[in-house]
Amino acid sequence: MIKVALPNKGQLFEPTMDILSSCGYKVSKSLRSLSTMDADNQVEFYFLRPGDIPLYVANGILDAGITGKDFVAEKCVSPTCLLDLSYGASKLCAAVPVGHAAKTLADLKGSKIATSFPNIVRGTLPGNELVELEGAVEISIKLGIADAIVDIVETGSTLKAAGLRIIGEPLFESRAALYAHPGREKQEEVLILKSRIEGKLLAQEYMMVEYDAPEALLKAACAITPGIESPTVMSLEKSSWFSVKAMIKKRESQRILDSLSKLGCKGIILTAVDSVRI
Ligand code: PRP
């Protein structure tokens, strides 16, 4: 049995629940629940503040966890990163009111900056007075306690709604990742968790193509769809015709379909792949 931390709120909550459910884990969370047991998979999930997860995993209180890389950097701890995930891409940016004169990050020198990421801000924008807040940082300028903010920006809609604009380059670029307590990466349930998520993420990059080809075209068709090891080739009942099946990269799939069709292959079918182990 392993203990795994999951974000209990924020932008990482829903995609994390979605990917774990699709990987066969029982992670349903009722409003006030703080943990849930998945006995079939030998995992106990804990719903925690995304910013607290790095400490629980780094200290070994929990075996693994999913959170943002920005939260790990902020806590200055080093759990082992097992896997970068496909969601939670965000940037930690400085922002000022739309009408503010500042043009670069250097123009913020001496400003009062509100943030939930004081360690990252101290490291990247030294020499400013910091106002440390738990959340809703965007409203702090309007409330008169800061001149500028540093906060997570995903779509930018929260900033826009608060009448703020980004200034300068991001201080940190983040995404969600799967972490483990150092030394527990090889624990069986941790390996299974990693490989199921990896299989789901990899499946998003691939598609399965199936088609029929006459013997004369078989070699050229297989060269277009070499598959991972090699394509599966089976003979059809119709003499000198073959059915071919191969994994192809999703981003190349339409070009491959065009090529197979142009070559003279028939009955070309493209299907999504749910999960893979390569
Ligand atoms: C984050 C962040 C911003 C918002 C940015 O909050 O703190 O407030 O998302 O997203 P946007 O650019 O798409 O508008 P989150 O909902 O993760 O939780 P928080 O309020 O606890 O920080």
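The following exchange concerns the ligand site of a predicted model.

Local features here need pLDDT of at least 70 and side-chain atom pairs count only at pLDDT 80 or more, whereas totals for chains, interfaces and linings use all residues. Residues are numbered from 1 along each chain as its sequence is written, and side-chain values use heavy atoms, with hydrogens and water left out.

Student: Which element gives the most residues to the shell around the ligand?
Tutor: A residue belongs to the shell when one of its heavy atoms lies within 4 Å of the ligand. β9 (148–153) and α5 (157–161) each supply at least two such residues, with strands (E, at least two residues) and helices (H or I, at least four) taken as DSSP runs numbered from the N terminus. The element that gives the most, with 3 residues, is β9.

Student: How far is the polar side-chain atom of Lys9 from an oxygen atom of the ligand?
Tutor: Polar contacts are pairs of N or O atoms within 3.5 Å. A ligand oxygen lies 2.5 Å from a side-chain N or O atom of Thr155, and a polar side-chain atom of Thr158 lies 2.4 Å from a ligand oxygen. For Lys9, the distance is 2.2 Å.

Student: Why does the ligand lie between two domains, and which are they?
Tutor: The bounds come from an automatic or database domain assignment, which gives domain 1 (2–87 + 175–202), domain 2 (90–174) and domain 3 (205–272). The ligand lies between two of these because both give residues to the shell around it, namely domain 1 and domain 2.

Student: How far apart are the C-alpha centres of domain 2 and domain 3?
Tutor: Domain 2 covers 90–174 and domain 3 covers 205–272. Their C-alpha centres are separated by 52 Å.

Terms used. A polar contact is a pair of N or O atoms within 3.5 Å; within protein, one must be able to donate a hydrogen and the other to accept it, and residues adjacent in sequence count only if both atoms are side-chain atoms.
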